Structures are given as C-alpha cells and as structure tokens.
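Biologist: I'm new to reading protein models, and I'd like to learn how to pick out features one by one. Could you walk me through one?

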Amino acid sequence: MNPIIDHISLCIERGKVDIRSPYPPDLKGQPGADEWARDALEQGLSPESILSACNTGMERVGAKFGRNEVFVPELLMAAKAMNAVMAHLKPHFQAGTVKEKGTFVLGTVAGDLHDIGKNLVSMVVAGNGWKVVDLGVDVKPSKFIDAIRQHPGCIVGLSALLTTTMANMAKTVQEIKGQLPEVKVLVGGAPLNQKHADDMGADGYAPDPQGAVAFLNKAA
Amino acid sequence: MIASGLLPERALSDTLFSVSFPATLIHLDRDAIAGSMGYEHGAMPEHFRDLLHDAVNQALAISDVQAGYRLIAPAVPPSGKGHHIRIDSTTGFDTGPRITSLMKGASLLCCFALTIGPAIDNWIHELSYEQDYTGCYMANAVASAIAEGAVELLHGHIRAIAEKQSLSVSNRYSPGYCDWSVIDQHKLFGLFPKRFCGISLTESALMIPIKSVSGIIAMGNPIRFVEHNCDSCRHPNCSYREIRKAQAQRHATAV
Ligand code: B1M
C-alpha cells in the first residue's frame, strides 16, 4: 500500500490537520492531513482510496473514544483533519466520482436555541464521510419535512436540551413518521435516553457524536 | 458547596435585590472542567490544557455576572409534605416530593436568577461560526463552570444574609432538577420584573442568555443544608456525576 495512505489515516486518527497545526505535539512541524491529501491526489491516488484512508482513521479514533481513551476534543480534532481532506476531495464529490455515505439532515427542535451539541455532532458526522444538511436551531416539524423531501433517502437527526423542548421533539418525530414513515430518525441531547427515544417512536438515540456516527453507519 | 461572604448588593424594593460582582472572584477548578469532558485528573493532553487555560482567561474577562433575588415570607411555613410549595395566595411551585420535603419549616424563600451575560454566548457562537469546534467545546465547558461558580458565590451571599438573621440555608434547587419541572420557570420569573438581571425567558422556558441559572433557597431555623445526592437522581448520563466521581477519586488519592 502507498505509504501516503497510512499517513492520511494516521493524521486523521491523531487529529493532525496541517503542517502548521501544533497538535498533536509529537507530530509538530510534520505534514498533516491537508498536505498528505494534496500529495496523494498529485501522485494520482484515487479519491476512493483517500476516502477509505480517512474512514480507517476515523474508525480508529472512534474505537478509542468507545474505550474512553480519548474524549470529545480528540474526536473534534480528528473531524477537523478529515474536513481538511474533504476540501481536496470536494471537486470529486461534485463530479460524482466519489460519494458521501449518505445525507444527514440535522437540527435543534422547535423552541430550543441550543446549538453547540448539535454543531459538534454535525462536525463529527461530516468528518465521518456524511453530507450534513444543518437546519439550525428552533426548527419546526414542517421545515424538517421539507428538507427530507429535498434529500430523498436521508436520515434525520433531532437535538434538544430541555425537557420542554423534548415534547416538541416527540411531536416532530410523530409528524415525520406520520408523513414519511420510511425515514429513519435519530434523537440526542442532554435530557434524553434510549427510553425517551423509544417512547417517541424514534429509530435511535445517541448520547454523543460518536454514537450518532455508529447509528448512521449501521443504518446506511 | 457554598462559597462564603457577602457581595455588593442593591435593594430594588423591600424584597427584591440585585447583586453583581466581578467574575474574577469565582473559583474555577480546571481539573474539574477537564473532568466534565471525561479526562481523569491530570490526563488532559497538554494542547487541550493550553486551550482550556486560554478559554478560562478569555471567559473571565468577558463574563458580566448579574444576579438577583426575591425574598418571600410564605403565609404558612411549608409543611414539607406533598409535591408543592405555596409561595403566596396565587403562586405555588410544583417542586416534587424531594425538594418540598427539604423546604419544611422555611420562614423565607429566596428565589434567585443569575446570568454571566450575553457576551459569553456571543463568543461561543463566534467560535462555532469560525468552525473552531474544539475551542467552542472548551469555551462552552468553561462558561458553564463560571455560571456554576457564580451561583456558588451568590449562595454564599444569601447564606451570609440569612446568618445575620440567625437563619440557616438549604442547598439550592432549580426548576428542571429533582422532579421540579422546568416549565415552572414561568412562575419563578413571574416573581421578578421583566428582563430581571438582563434575562429573558422563552415560551419553552429557556433563559437567554444561555449561561443563566435560576432556583430557590430556603431560609429558616429548621432548614438544613443537604448535599445533592447523585444516587437519588435518575439522569442517565449527567456530567455532574462524572465531575463528582472525578473529585471523589482525587480526594481518595490525596488522603
Ligand atoms: C441527532 O443525534 C444527536 C446525537 C447526540 C447529540 C445530539 C443529537 N445533540 C446533542 N448530542 C450529544 O452530543 C453533544 C456533544 O457531546 C452533546 O450535546 P450537549 O449540548 O448535551 O453537550 C454540550 C456540548 C455540553 N453539555 C452541556 O452544556 C450541558 C451539561 C449539563 C450538566 C448542564 C449545564 C452545564 C448547565 N446548565 Co443545565 N445542564 C444540563 C446538563 C446535564 C448533562 N449531563 O448534560 C441540563 C441540560 N440542564 C438542565 C436544566 C434544567 C438547567 N440547566 C440550566 C443551566 C445550566 C448552566 C448555566 C449551569 C450550565 C450551562 C447550560 C447550557 N445550556 O449551556 C438551566 C437552563 C439554562 C437556560 N439557559 O435556560 C436549567 C433550566 C436549571 C435552572 N433552572 O437554572 C437539565 C435539562 C433537562 C430539563 N429538566 O429540562 C439538564 C439535562 C440537567 C439535568 N437536570 O439533568 C450530547 O448531548
């Protein structure tokens, strides 16, 4: 295998974005995901092999997260490194030579203005090779439904931080399932657990961004 | 925990008071903040520790702590039974059995609100907008810790006021915790003037600015301070429990 592929995987796993990035300290001054991705394309490596290298890196950091060896900051650095690669692959996505794993329509439900948790989920999911359509905060059920219709085959993610807005989340799940029963809905946010998700009729619950990735990869 | 000491306050009426103080008075435990992200004592990588350090400095510099409270003398001291606390002839809080029992015999109820201001929210959103998600995550955690630390100081102030009247104080309880529905925020804010401390409440009971806290503290002779008990809480993945676990571990290794 071309060593560049290994470099890309390692940079993603360790969250090494580019040569200027001081993180992680043991790779300081060395090329990062950005430079290796550029070199890979210049050397004629296929976009698929680059994408697959990224997935390997993300899987490794995801497994470490699952074992409590790393935490959300490391996941975010890995996702940032992955996004640096994605910027190089963008023309290939546009030309259709490589494809995202799928589309994830994400938003914070009506009445709720919290966006940090949702944004972190968005970043990590995008970093794992998904196209994310972020609808923002205070998203009414009708807006989710319009977006689902615009992105056939998508999976939907709903976020909420208060029990009051969890009620709106339940309504949103019901409206989506009522009109588009085949669409898979993932819910998350601080006050939720698996039981809430089941009671709402959602297809899944994720406690953190990595859980969202695991759900999506399984559902894809 | 309660911090000690009186803070500068201004009487807005016989029962309504505003308190403001510099955020630099707040004690921030960086290990506990790292603990809230999952890292065990000293295990946060240096790069993130540096980011955390910068976030603490920046957050303290732009926090604008505004707090206030209303003292209410209930017509009849709470019996501690049932699920409610009667505030006056028209208002009652559905505090649930646990909080209600801890208010038993209160001669004064202190309903408070506190914010660390809108600049913090704006800063966190800017970091998110600039796609500095790690910085944003750190900033969010630091800002939460500042809000918690500020409430601790306010609690200390209220205890000092109670002590002047030879009263003791309870722990603080907030709508949204321990079976007290967050929807009661509307009743709580009904006791304050509009935009009290610069806080507004949305229809879904969300306080804006986001880094704001509200709650109630009981004052009275039979009132005792009871530590929050994680074992009695049903929240499956509360980061407070993680912080306490980390603190307990540190304590255990220190002795
Ligand atoms: C689609 O798929 C997915 C998958 C995963 C998804 C997802 C979607 N969306 C999110 N995720 C997940 O991934 C993200 C990244 O890891 C995570 O997103 P989060 O947004 O959850 O995570 C943030 C990045 C970090 N997490 C946080 O910022 C929240 C952490 C906890 C401990 C918490 C904190 C720190 C705070 N709070 Co408080 N607070 C709690 C929280 C309990 C907990 N264990 O989470 C919660 C959210 N708070 C609660 C409450 C009640 C309140 N808080 C309040 C205040 C505060 C502080 C200011 C002290 C502070 C900051 C609050 C803030 N909103 O920024 C008040 C509300 C503030 C307001 N503006 O209205 C107040 C109402 C209390 C009061 N009366 O003062 C509870 C809400 C539940 C309810 N009863 O409504 C709560 C769950 C605690 C509890 N009771 O167990 C995951 O949830």
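Biologist: Let's start with burial. Which residues are buried in α2(A)?

Modeller: Calling a residue buried means it has under 20% relative accessible area. This is a predicted model, by the way. In α2(A), the buried residues are A:Ala33, A:Glu35, A:Trp36, A:Ala37 and A:Ala40. Their cover includes α1, α3 and α4 of chain A.

Biologist: So how do I describe the way two helices pack, say α2(A) and α4(A)? What is the angle, and how far apart are the axes?

Modeller: You look at the two axes together. Here the axes are 8 Å apart and the packing angle is about 30°. Angles under 35 degrees count as roughly parallel, so α2(A) is roughly parallel to α4(A). As for handedness, α2(A) passes α4(A) in a right-handed crossing.

Biologist: Which residues meet there?

Modeller: From α2(A) you have A:Ala33, A:Asp34, A:Ala37, A:Arg38 and A:Leu41. They meet A:Ala81, A:Ala84, A:Val85, A:His88, A:Leu89 and A:His92 in α4(A). Sorted by character, the contact of α2(A) with α4(A) has seven nonpolar, two polar and two charged residues. Two of the α2(A) residues, A:Ala33 and A:Ala37, are also on the buried list.

Biologist: And what comes after that helix?

Modeller: A:Gly44 follows α2(A), and its phi is positive, near 85°.

Biologist: Let's try another pair. At what angle do α5(A) and α9(A) cross?

Modeller: Helix α5 of chain A covers residues 116–127, and helix α9 of chain A covers residues 209–219. Their axes come within 9 Å and cross at roughly 45°. That makes α5(A) oblique to α9(A). The crossing is right-handed.

Biologist: Which residues make that contact?

Modeller: α5(A) supplies A:Leu120, A:Val121, A:Val124 and A:Val125. On the α9(A) side you find A:Pro209, A:Gln210, A:Ala212, A:Val213 and A:Leu216. The split for this contact is eight nonpolar, one polar and no charged.

Biologist: How can I check the length of α5(A) against what I'd expect for a helix? What should it span?

Modeller: Count 1.5 Å a residue, and the twelve residues of α5(A) should span 16 Å. The end C-alpha atoms are 16 Å apart, which agrees.

Biologist: How many residues of α5(A) are buried?

Modeller: Eleven of the twelve, so you can call α5(A) mostly covered. Among the buried ones are A:Ile116, A:Lys118, A:Asn119 and A:Met123. The residues α5(A) uses to touch α9(A), A:Leu120, A:Val121, A:Val124 and A:Val125, are buried too. Just after α5(A), A:Gly129 takes a positive phi of about 90°.

Biologist: What touches B:Ser128?

Modeller: Here we hop to chain B. B:Ser128 sits in helix α4 of chain B, which runs over residues 118–129. At 7% relative accessibility, B:Ser128 counts as buried. Leaving out residues up to four places away in sequence, B:Ser128 touches A:Asn119, B:Tyr133 and B:Cys136. A:Asn119 is one of the buried residues of α5(A).

Biologist: Those positive phi values were in glycines. Which residue other than glycine has a positive phi in chain A, and is that residue buried or exposed?

Modeller: Look at A:Asn68, with phi near 60°. A:Asn68 lies in the loop between α3 (47–66) and α4 (72–95) of chain A. Exposed means over 50% relative accessible area, so A:Asn68, at 55%, is exposed. In chain B, B:Cys197 has a positive phi of about 60° although it is not a glycine. B:Cys197 is in the loop between α6 (185–190) and β8 (200–201) of chain B. At 16% relative accessibility, B:Cys197 counts as buried.

Biologist: Where are there cis peptide bonds?

Modeller: Read omega for that. The bond from A:Tyr23 to A:Pro24 is cis, with omega near -10°. A:Pro24 is in the loop between α1 (3–14) and α2 (33–42) of chain A. The bond from B:Ile208 to B:Pro209 is cis as well, with omega near 0°. B:Pro209 lies in the loop between β9 (207–208) and β10 (212–220) of chain B.

Biologist: Finally, how many helices and strands does chain B have?

Modeller: Chain B comes to seven helices and ten strands. Of its 255 residues, 50% are buried.

Notes: Residues are numbered from 1 along each chain as its sequence is written. Chains are lettered from A and ligands numbered from 1 in the order in which they are written. This is a predicted model: local features need pLDDT of at least 70, side-chain atom pairs count only at pLDDT 80 or more; totals for chains, interfaces and linings use all residues. Side-chain values use heavy atoms; hydrogens and water are left out. Axes are lines fitted to C-alpha atoms, for helices over the stretch in contact, and angles run from 0 to 180 degrees between N-to-C directions. Helices (H or I, at least four residues) and strands (E, at least two) are DSSP runs, numbered from the N terminus. Angles under 35 degrees count as roughly parallel, over 145 as roughly antiparallel, 65 to 115 as roughly perpendicular and the rest as oblique. A crossing is left-handed if the near helix is turned anticlockwise from the far one by less than a right angle, and right-handed if clockwise. Contact means heavy atoms within 4.5 Å. Ala, Val, Leu, Ile, Met, Phe, Trp, Tyr, Cys and Pro count as nonpolar, Asp, Glu, Lys and Arg as charged, and the others, Gly among them, as polar. The expected span of a helix is 1.5 Å times one less than its number of residues. Buried means under 20% relative accessible area, exposed over 50%, partly exposed in between (1.4 Å probe, protein chains only).
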